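Dear colleague,

Here is the structure I said I would pass on. My notes on one helix and one sheet follow below it.

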Amino acid sequence: MSVRSGRALQARTKVGRRVLVVLVSGLLLPAGLAGCGIPRETEVQVDGSGPAAEAGALNGSPARPPTPRDSDEPVPFIENYLRAAAAGEREQAYGRVKDFIGQEAKSRLTEKQQSSEIELTVVRLREKPEVTPENNQGTREVTVKVQQVGVLRADGTLDPPQASETEYVFQLRRAEPAGSGLLLADVPNVLLISDTALREYYRSRTIYFWNPDQSRLVPDLRYLPSSVPAERRVTDVVKWLTGGPSDWLAPGVTGLPDGTRPINNATGADGHWEVNLTMPGADDKKLGLLATQLAWSLPELSGQLDLKIQNQKRRTVDLSEERTAHAAYPAGEVPARFSVYDGAIRPLSIGNEPRAAVPLEPAANKNVVAAALARADDQVLAALVVTGADRRQRLKVGSGPEPVTVFNTSDETYGALGRPTWLRSLDERHPAGLVAADGKLYRFDGAAGMSPVPLAVPGPVVAVAGSLDGHRIALVSGGALYVAAVSVDGGVVVGQPRRLATLLTGVSAVDWVAENELVLAGNEPDRRPAIHQITVDGAQETALKRDIGAEVTQLAAYPGGAVGGLPSLSYMYEANKVAFRNNPIDIIKREQVLDVPVGSRATNPTAPFFLY
């Protein structure tokens with residue numbers, strides 16, 4: 001797979017930014033909190049045109065920090081309190097929060113002095129806060145039921161939750177003099193922010209780290225306060241890169257050389273920037289790799305950036321040219337839709353979208369239950385789940401120029417195989433992928449050899465999906481959603497999976513719908529099946545489709561990348577042995593299945609997927 005595809009990756013970057021629009025317009029809110037004009041469910045319609053708004057900004061300016069006097073009603077007051085810590089620089093977080101707290105309770109919130117030690121506990125409100133009537137002492141209680149989302153650290157990472165509380169109780173009293181609002185008379189000893197506040201007062205940022213063989217970049221999602229001025233963003237990105245990757249991602253990437261540190265803040269403006277570092281062994285190759293990292297980690301900047309090592313200018317980078325010349329990772333080809341119809345893979349005809357013939361020899365396209373096809377330069381990688389005469393399932397794998405003619409079938413048989421996924425980070429001469437089989441995760445190779453992948457997760461593994469960069473996977477185990485890093489240096493090794501907080505239970509399927517976004521299926525709190533969209537760290541969750549009516553058994557998405565083709569955020573799914581698509585949500589009809597031989601059994605298309 002070539003890593004020189006700059007124009008396609010620029011399109012992919014725009015796709016990733018458009019995800020923010022969906023999150024802002026379709027944020028899932030608890031009942032009773034959706035009165036601000038944000039719908040509880042958004043049926044996503046994307047035409048790919050127009051700029052995307054940035055999270056944490058209103059018309060390009062940071063959202064105004066809340067104050068205690070913004071509301072004298074208990075519920076809005078608490079909602080503003082859950083925004084306060086997020087609404088500005090971390091160093092002033094305690095000051096903003098304590099404005100909401102009465103003098104008698106301020107000492108109950110232990111204040112940390114170093115900004116690097118200040119952690120924000122991110123929670124998701126599960127329902128509308130409960131308020132008790134005012135008692136004889138003039139106080140009332142507000143109970144907030146929450147889901148723990150994670151801990152936002154000073155380096156912009158959202159780590160897994162540390163707390164286990166499912167609710168917090170706040171005590172309110174009237175401020176003095178009368179008519180001057182409310183104050184908190186008792187508070188939990190933790191800096192709390194809501195996931196809504198994270199969206200309102202932070203911008204999501206993606207920085208990039210090289211994979212172990214330095215052939216492609218791997219995304220790492222971070223958050224930067226929207227109050228940070230533009231001239232400081234370069235400094236923060238440099239600090240994040242020198243500080244290393246997020247913990248969960250570390251097994252799949254390599255950081256900068258040990259001892260690399262910024263000497264001072266980045267300087268510059270108006271298209272010319274300067275970064276001064278100490279970097280042991282800083283030769284041309286290492287500086288070239290850093291130049292590409294910086295160009296992709298600062299996608300909003302154009303112009304030149306001077307790289308200095310211990311005050312000596314060593315390289316000048318044209319940021320736009322660097323992104324064009326060095327793609328972060330292969331973007332994939334123009335996508336096409338397929339499904340399984342009467343035991344064979346068939347193309348789908350949806351509107352005026354691109355169509356492609358099945359890239360397999362017809363003799364091999366039989367008894368198919370599910371499939372994954374991928375392009376790797378001039379090769380097609382095919383992994384088919386097929387059913388034998390014994391009704392047991394096997395994995396059938398082939399690769400080569402299309403149509404693929406040579407296939408191997410696994411020696412082992414299984415009661416149930418999930419939809420396979422190809423690891424796009426491997427050389428096409430040594431293809432490999434992952435698949436869930438009988439509750440376990442397996443690696444497969446080009447010869448259909450199956451080997452179990454050890455995982456420290458509870459419950460059966462039922463689904464796995466690989467990212468476009470090839471070094472991150474999402475998987476479903478025991479009805480929960482996980483992400484993990486994948487290293488292919490000397491073999492396929494999956495890092496320790498990280499569980500994501502989601503409002504869905506009984507998760508049954510997952511796929512990547514954007515660079516840092518997943519689409520997943522499961523049950524909402526009322527037990528009705530639904531499809532949600534969630535960030536790779538679990539910070540933001542959006543309801544895409546509710547009241548599906550049956551469990552989603554297959555789910556496939558297109559994560560963007562190639563120029564043209566499908567609308568961004570496209571996905572398809574199977575429920576009750578019927579295939580559906582979005583943009584808009586509709587059943588995939590029999591007449592939309594192409595190349596059906598005469599005499600085929602009339603049935604519904606199932607197991608839809610994308611080839612790109």
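The residue just after helix α5 is G244, and its phi is positive, near 100°. Please keep in mind that this is a predicted model.

Helix α5 itself covers residues 230–243, 14 in number. From first C-alpha to last it reaches 20 Å, close to the 20 Å expected at 1.5 Å a residue. Its buried residues are R233, V234, T235, D236, V237, V238, W240, L241 and T242. The cover over them includes strands β10 (202–210), β11 (217–225), β12 (261–262) and β14 (272–278), together with helix α6 (284–297).

On the packing of the two helices: the axes of α5 and α6 come within 11 Å and cross at roughly 130°. An angle from 115 to 145 degrees counts as oblique, so α5 is oblique to α6. The crossing is right-handed. On the α5 side the contact is made by V237, V238 and L241, and on the α6 side by Q293, L294 and S297. V237, V238 and L241 are also on the list of buried residues of α5.

The sheet is a separate item. Four strands form an open sheet with antiparallel pairing, in the order β36-β37-β38-β39. β36 (552–558) and β39 (586–587) stand at the edges; each has a single partner strand, so one side of each has no neighbour in the sheet. Strands β37 (residues 570–575) and β38 (residues 578–581) run antiparallel and are joined by 4 bridges. Y573 has F580 of β38 as its bridge partner.

Regards

Note on methods
Residues are numbered from 1 along each chain as its sequence is written. This is a predicted model: local features need pLDDT of at least 70, side-chain atom pairs count only at pLDDT 80 or more; totals for chains, interfaces and linings use all residues. Side-chain values use heavy atoms; hydrogens and water are left out. Two strands pair if DSSP finds at least two bridges between them. The expected span of a helix is 1.5 Å times one less than its number of residues. Buried means under 20% relative accessible area, exposed over 50%, partly exposed in between (1.4 Å probe, protein chains only). Contact means heavy atoms within 4.5 Å. Axes are lines fitted to C-alpha atoms, for helices over the stretch in contact, and angles run from 0 to 180 degrees between N-to-C directions. Angles under 35 degrees count as roughly parallel, over 145 as roughly antiparallel, 65 to 115 as roughly perpendicular and the rest as oblique. A crossing is left-handed if the near helix is turned anticlockwise from the far one by less than a right angle, and right-handed if clockwise.
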